[in-house]
Amino acid sequence: MRRKHKKHIIKTWILSIAALAVGIVFVSPLYLVFVNSVKTVREIYLSPLGLPVEISWNNFGRVMEKIDFGQALKNSLFFGVAGLLVICSMAAYRLARHRTRVNKFVYLLLVSSILVPFQTVMIPLIKIIASIGLYNTRIGVLLAYYGYGIPVAVFLFYGFLSSIPREIEEAALIDGGSLFQVYRCIILPLLKPICVTVAVLDVLWIYNDFLLPFVLISDNELRTLPLVMYTFFTAYERPWDLAMASLTMVLTPAIIMFVILQKQITGGIVSGAVKG
């Protein structure tokens with residue numbers, strides 16, 4: 001028994017040390033960004049890993065002066081997920097409650113599209129968006145985001161709906177409620193946990209996405225935050241102090257949102273992906 005207890009303690013210590021090492025590896029980029037955001041360029045080159053000798057808060061003011069950070073933030077937040085939640089929850093409700101052969105095929109088609117990387121359809125997508133006159137427009141980018149966000153959202157909603165008993169809806173239908181009333185008054189409130197999960201995941205995805213706006217937007221007034229930050233990394237200039245400050249300004253809201261809602265995110269993912 002003592003040997004087993006000692007082995008268990010040793011394994012625990014080894015796993016704890018390994019987890020700590022992995023955590024340090026993942027946290028170290030954030031440390032570099034936050035620490036170097038309040039340094040001068042000279043101090044960044046001399047001591048990129050060390051703490052700042054003198055905190056330079058004016059880096060954030062210079063970022064605000066050089067780029068239209070407020071407009072870029074509005075452009076990033078424009079691509080909301082309210083419509084995506086409504087569309088995907090209604091589609092998943094139909095697919096989960098009416099499992100015909102056609103609906104099963106549609107569901108499998110949606111889920112299988114998750115495996116298709118964006119790079120493989122990037123050029124055809126640009127041509128299609130341009131052919132319908134939506135290139136370099138907010139609506140064009142919004143449609144592209146909806147197209148890529150729907151499969152994952154439907155997958156999560158479908159799994160969550162499979163865990164909701166049908167008897168609740170049948171009782172409402174017997175009492176004279178329509179299908180839409182059942183969805184709006186009964187199903188939609190029950191979907192609140194998974195709605196929060198999908199909303200947060202999609203907001204963080206759209207908020208941090210670079211490639212899709214990069215290929216669909218050329219107007220400076222429509223640039224999102226990732227595109228604005230890209231201006232600090234040119235071929236002839238590397239203002240690391242401003243670049244790190246802009247990264248800090250962009251990362252902070254996303255990190256705060258994730259920390260506050262992490263329980264809802266993980267709970268919704270587990271409920272949506274495991275059940276059913």
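The following paragraphs describe surface patches, a salt bridge and selected residue environments in a predicted model.

The structure is a predicted model, in which local features need pLDDT of at least 70, side-chain atom pairs count only at pLDDT 80 or more, and totals for chains, interfaces and linings use all residues. Residues are numbered from 1 along each chain as its sequence is written, and side-chain values use heavy atoms, with hydrogens and water left out. Helices (H or I, at least four residues) and strands (E, at least two) are DSSP runs numbered from the N terminus. Accessible areas were computed by the Shrake-Rupley method with a 1.4 Å probe, and for residues only the protein chains shown count as cover. A residue is termed buried under 20% relative accessible area, exposed over 50%, and partly exposed in between.

Surface patches were considered first. Such patches consist of residues with over 30% relative accessible area and no salt bridge, like charges being joined within 9 Å and nonpolar side chains (Val, Leu, Ile, Met, Phe, Trp, Tyr) within 5 Å. A nonpolar patch of about 790 Å² is formed on the surface by Val22, Val25, Phe26, Val27, Leu30, Phe34, Ile255, Phe258 and Val259. Two or more residues of this patch are given by each of the elements α1 (2–36) and α14 (240–260). Helix α1 supplies the largest share, namely six residues. Among the patch members, Val27 is located in helix α1 and is classed as partly exposed because its relative accessible area is 48%.

A patch of positive charge is also found on the surface, where Arg99, Arg101, Lys104 and Arg166 gather. For this assignment Lys and Arg count as positive and Asp and Glu as negative, whereas His and the chain ends are not counted. The place of a charge is taken as NZ of Lys, CZ of Arg, CG of Asp or CD of Glu. Arginine 166 is situated in the loop between α8 (138–161) and α9 (167–174); its relative accessibility is 38%, so arginine 166 counts as partly exposed.

A salt bridge is defined as a side-chain nitrogen of Lys or Arg within 4 Å of a carboxyl oxygen of Asp or Glu. One salt bridge was found in a search of the whole structure. This interaction joins the side chains of arginine 62 and aspartate 241, with an N to O distance of 3.0 Å. Distant parts of the chain are thereby linked, since arginine 62 belongs to helix α3 (residues 58–66) and aspartate 241 to helix α14, 179 residues apart. The two partners fall into separate accessibility classes: arginine 62 is partly exposed at 35%, whereas aspartate 241 is buried at 4%. With contact taken as heavy atoms within 4.5 Å, arginine 62 touches Asp241 and Leu242, residues up to four places away in sequence being excluded. Arginine 62 and arginine 101 are separated by 39 residues in sequence and by 59 Å in space, C-alpha to C-alpha. Arginine 101 is itself one of the residues of the positive patch.

Helix α8 contains glycine 149 as well as valine 152. Glycine 149 is classed as buried because its relative accessible area is 3%, whereas valine 152, at 38%, is partly exposed. Leaving aside neighbours within four places in sequence, glycine 149 is in contact with Leu84 and Trp205. The C-alpha atoms of glycine 149 and asparagine 103 lie 19 Å apart, with their positions 46 residues apart in sequence. For valine 152 and leucine 110, 42 residues apart in sequence, the C-alpha to C-alpha distance is 8.2 Å.

Serine 76 is placed in helix α4 (residues 69–78) and counts as buried because its relative accessibility is 5%. Its contacts, not counting residues up to four places away in sequence, are Ile206, Tyr207, Thr224, Leu225 and Pro226. Serine 76 and proline 213 are 137 residues apart along the chain, and their C-alpha atoms are separated by 9.7 Å.

Backbone geometry was examined at asparagine 136. Most residues other than glycine have a negative phi. Asparagine 136, although not a glycine, has a positive phi of about 65 degrees. This residue lies in the loop between α7 (118–131) and α8, and asparagine 136 counts as partly exposed because its relative accessibility is 21%.

Conventions: Buried < 20%, exposed > 50% of the residue type's maximum accessible area, 1.4 Å probe, protein only.
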